[in-house]
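These are my notebook entries on a structure that I consulted today. I set out to record the surroundings of the ligand and the contacts between aromatic rings.

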Amino acid sequence: METAATIKEVRAQIKEWKRQGLSIGLVPTMGYLHEGHGSLMKRAREECDRVVVSIFVNPLQFGINEDFDRYPRDLQADAVLCRAEGVDLIFHPEAEEMYQEGFCSFVDMDGLTGELCGKSRPNHFRGVCTVVSKLFHIVTPDKAFFGQKDAQQLAVIRRMARDLDMDVEIVGCPIIREEDGLAKSSRNTYLNPEERRAALILSQTIRLGRQMVEEGMTDAKALVAAMKENIAREPLAKIDYVEAVSMDTIEKVDRIEGAVLVAMAVYIGKTRLIDNFIAQA
Ligand code: AMP
């Protein structure tokens, strides 16, 4: 496994692989890797000849009062996990490598970002689109792998790639959970034992929502209300949002028809966690 901190090194390696006719898979991450990231690498390993994992805590996608400074980082442990998953190259640039002095070009989106995380995190998706676009230009992957855990991000990236004719296949991968149901997340490390227990309200509410849809619930407002009511029973939880939106446009829907994304962000203490499911009715 190779590691590179500069764009130049990555480009040289990619050029060599392309010369050999090898296909390339990219897994963009912010590090502090867990089995959720591991599942993306496994999928990339299955579908591509060479697997590149980027590890970059992207300052551009964090708001001023968010957790950029305290976001967990452990490159050594990350390298162990990547090696075990058969990754070929880790790209871990410093911020100065990605954003040179005078940087002022961004990829932004008018649609898809008005609801859910885009509403409570203004400029977040501008940061995500900009960095992912840069990674696509640097790595030129045939396929890029993203988790359904960040469902709005996946929809936004798919749209960006389509709108801007990026020659890459976007592959969405299912949410990986802890044994008790909590969606795996680097941010779970922020939780103290009491909060960790309280955090189960997210996955438990996802199960409740899913069950209601399976039992025939088609009224999106009633579904969301029931889910909010369930979350309110947990004293440590504070709802940021629970919404039912179109998978494609991320606009609110009235009815559960076709594929609807039911997504939530909930604060457990100071930690903001997200979870979702796709309602198929
Ligand atoms: P992050 O490091 O949090 O930016 O995540 C990097 C990628 O891993 C994103 O595409 C996430 O959606 C994906 N990911 C994070 N957690 C999970 C999970 N529990 N299951 C599946 N994919 C995940």
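**Entry 1: Charges over rings**

I began with R126, which lies over the face of F106, at 3.8 Å from the ring centre. I note at the outset that the model is predicted. I then looked up R70 and found its charged end over the ring of Y190, 4.1 Å from the centre of that ring.

**Entry 2: Aromatic pairs**

How many aromatic pairs does the structure hold? I recorded five aromatic pairs. For F62 and Y71, the ring centres are 5.9 Å apart and the planes stand at 75°, so I entered this pair as edge-to-face. The cut-off for that label is an angle over 60 degrees. I checked burial as well, and both F62 and Y71 are buried.

I next turned to Y99 and F103, whose rings also form an edge-to-face pair. I noted 4.8 Å from centre to centre and 80° between the planes.

Is Y99 buried or exposed? Y99 has a relative accessible area of 13%, and buried means under 20%, so I entered Y99 as buried. F103 has a relative accessibility of 27% and therefore counts as partly exposed.

I also traced how these rings connect: ring pairs link F56, Y99, F103 and F106 into a cluster. F106 of this cluster is the residue whose ring face lies under R126.

**Entry 3: The shell around the ligand**

I then listed the surroundings of the ligand and found 17 residues around it. The closest are H37, G147, D150, I176 and K184. By type, I divided the residues of the shell into eight nonpolar, six polar and three charged.

Which element gives the most to the shell around the ligand? I found that α2 does, with three residues. I noted the elements that each supply at least two residues of the shell: β2 (24-29), α2 (35-47) and β5 (143-147).

**Entry 4: Backbone contacts with the ligand**

I looked up the polar contacts that the ligand makes with the backbone. A polar backbone atom of M30 is 2.9 Å from an oxygen atom of the ligand. For G147, I found a backbone N or O atom 2.9 Å from a ligand oxygen atom. For K184, the ligand partner is a nitrogen atom, and a backbone N or O atom of K184 lies 2.9 Å from it.

Lastly, I recorded the cover of the ligand. On its own the ligand has 480 Å² of accessible area, and the protein covers 93% of it.

Definitions and conventions: Residues are numbered from 1 along each chain as its sequence is written. This is a predicted model: local features need pLDDT of at least 70, side-chain atom pairs count only at pLDDT 80 or more; totals for chains, interfaces and linings use all residues. Side-chain values use heavy atoms; hydrogens and water are left out. A residue is near a molecule or strand if one of its heavy atoms lies within 4 Å of it. A polar contact is a pair of N or O atoms within 3.5 Å; within protein, one must be able to donate a hydrogen and the other to accept it, and residues adjacent in sequence count only if both atoms are side-chain atoms. Accessible areas come from the Shrake-Rupley method with a 1.4 Å probe; for residues, only the protein chains shown count as cover. Helices (H or I, at least four residues) and strands (E, at least two) are DSSP runs, numbered from the N terminus. Ala, Val, Leu, Ile, Met, Phe, Trp, Tyr, Cys and Pro count as nonpolar, Asp, Glu, Lys and Arg as charged, and the others, Gly among them, as polar. Rings of Phe, Tyr and Trp (its six-membered ring) pair if their centres lie within 6.5 Å; planes under 30 degrees apart count as stacked, over 60 as edge-to-face and the rest as tilted. Buried means under 20% relative accessible area, exposed over 50%, partly exposed in between (1.4 Å probe, protein chains only). A charge sits over a ring if NZ of Lys or CZ of Arg is within 6 Å of the ring centre and within 35 degrees of the ring normal.
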